[in-house]
Amino acid sequence: MTRIIEEPTSRIASLASAIDSLLASEACFDPRVIQRMIRDAFPDGNWLPRPMCQPGDEGYARHVLHSDAADRYTIVALVWTQGQHSPVHAHHTWCALCVVEGELLEEFFAYDPDGAAAVPAGSACRQVGEGSSGTAGLHLIHRVGNARPGTAISVHIYGVATSEMSSGINHVLPVVETAAA
Ligand SMILES: [Fe+2]
């Protein structure tokens with residue numbers, strides 16, 4: 001049987017097309033559906049082209065894979081080397097991520113309204129095919145990073161225009177320091 005290998009640009013276009021259809025049809029939008037779409041777009045591991053897998057020297061690298069023509073969302077690949085991680089943050093927009101290579105550590109936080117800060121609340125290891133998603137607000141507060149040797153790559157989709165990514169995604173929060181037992 002001949003196996004047809006799709007080009008990366010075609011695969012990204014297919015993912016974007018699926019999101020377009022979802023956004024056009026869903027009366028009640030659920031970013032968990034987006035998370036599953038990313039997972040399903042990588043059924044056999046990471047197929048991103050090499051330039052999209054390059055790490056950064058001063059923190060995790062962010063490579064734009066697709067910018068929605070109507071500015072409703074942006075698809076990016078994040079590349080993490082050991083020790084690189086995001087700040088602790090909530091979100092100004094909906095978001096979804098899925099690991100496509102390596103392993104990421106996702107640390108969770110609850111919101112303390114008295115201190116307007118994040119309180120540690122557990123963690124989870126995210127393997128290839130696993131991820132996270134959330135809506136705008138304080139429902140999901142987390143820090144994502146690579147705690148293991150080697151490179152980890154995750155694909156994220158945010159509900160913002162590419163031009164708004166620097167200020168329109170992360171709502172960075174201070175962390176409540178907990179006293180050692
Ligand atoms: Fe996030």
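**Figure 1. Cysteines without disulfides.** In this predicted model, the number of disulfides is zero. The C98 sulfur has its closest cysteine sulfur in C95, and the 13 Å between them is too far for a bond. C98 is buried, with a relative accessible area of 1%. For C125, the closest cysteine sulfur belongs to C98. That separation is 15 Å, again too far for a bond. C125 is partly exposed, at 44% relative accessible area. A disulfide would need the two sulfur atoms within 2.5 Å.

**Figure 2. The iron site.** Three histidines of the protein serve as donors to the iron ion: H89, H91 and H142. Each binds through NE2, and these donors lie 2.1 Å from the iron ion. Along the chain, the donors follow the spacing H-x1-H-x50-H. H89 and H91 are both buried. H89 and H91 also bound strand β3 (89–91).

**Figure 3. A tilted aromatic pair across the chain.** The model has three aromatic pairs. One of them joins F29 and W94, with 4.8 Å from centre to centre. Their planes stand 55 degrees apart, and the pair is classed as tilted. The two rings come from distant parts of the chain, 65 residues apart. F29 sits in the loop between α1 (8–25) and α2 (31–41). W94 sits in the loop between β3 (89–91) and β4 (95–101). Are the two partners buried or partly exposed? F29 is partly exposed, because its relative accessibility is 26%. W94 is buried, because its relative accessible area is 14%.

**Figure 4. A stacked aromatic pair.** F42 and W47 form a stacked pair. Their ring centres are 4.3 Å apart, and the planes differ by 5 degrees. Both residues are buried.

**Figure 5. The largest nonpolar core.** This core holds 27 residues. Which members touch the most others? They are I19, I34, F42, L48, I75, V155 and I157. F42 also takes part in the stacked pair with W47. Two or more residues of the core come from each of α1, α2, β1 (61–67), β2 (74–80), β4 and β9 (152–158). Another core, of 14 residues, lies apart from the largest one. Its members include V76, L104, A152 and I169. In soluble globular proteins, nonpolar side chains tend to be buried together.

**Figure 6. Helix α2 and its packing.** The buried residues of α2 are P31, V33, I34, Q35, M37, I38 and A41. They pack against α1, β4, β7 (131–134) and β9. What does I34 touch, leaving out residues up to four places away in sequence? I34 touches I19, L22, F29, W94, A96 and I157. Both rings of the tilted pair, F29 and W94, are on that list. D30 caps the N-terminal end of α2. A side-chain oxygen of D30 lies 2.9 Å from the backbone nitrogen of R32.

**Figure 7. The surroundings of T74.** T74 belongs to strand β2. Its relative accessible area is 0%, so T74 is buried. The side chains of T74 and T162 are joined by a polar contact of 3.0 Å. Residues up to four places away in sequence aside, T74 touches V64, H66, H156, I157, Y158, V160, A161, T162 and M165. I157 is also one of the residues with the most partners in the largest nonpolar core.

**Figure 8. Two loop residues with positive phi.** Where do these residues lie? D71 is in the loop between β1 and β2. A116 is in the loop between β5 (104–112) and β6 (117–126). D71 is not a glycine, yet its phi is positive, at about 65 degrees. A116, likewise a residue other than glycine, has a positive phi near 50 degrees. A116 is partly exposed, with 35% relative accessible area.

**Figure 9. A147 in the β8–β9 loop.** A147 lies in the loop between β8 (137–145) and β9. Leaving aside neighbours within four places in sequence, A147 contacts Q82 and L105. A147 and N46 are 101 residues apart along the chain. Their C-alpha atoms are separated by 19 Å.

Terms used: Residues numbered from 1 in each chain as written. Predicted model: local features only at pLDDT ≥ 70, side-chain atom pairs only at ≥ 80, totals over all residues. Heavy atoms only, no water. Phe/Tyr/Trp six-rings, centres within 6.5 Å; stacked < 30°, edge-to-face > 60°. Helix = DSSP H or I, 4+ residues; strand = E, 2+ residues; numbered from the N terminus. Buried < 20%, exposed > 50% of the residue type's maximum accessible area, 1.4 Å probe, protein only. Core = buried A, V, L, I, M, F, W, Y, C linked by side-chain atoms within 4.5 Å. Contact = heavy atoms within 4.5 Å. Donors = N, O, S within 2.8 Å, 3.2 Å for Na, K, Ca; no water. Polar contact = N/O pair within 3.5 Å; in protein donor to acceptor, adjacent residues only side chain to side chain.
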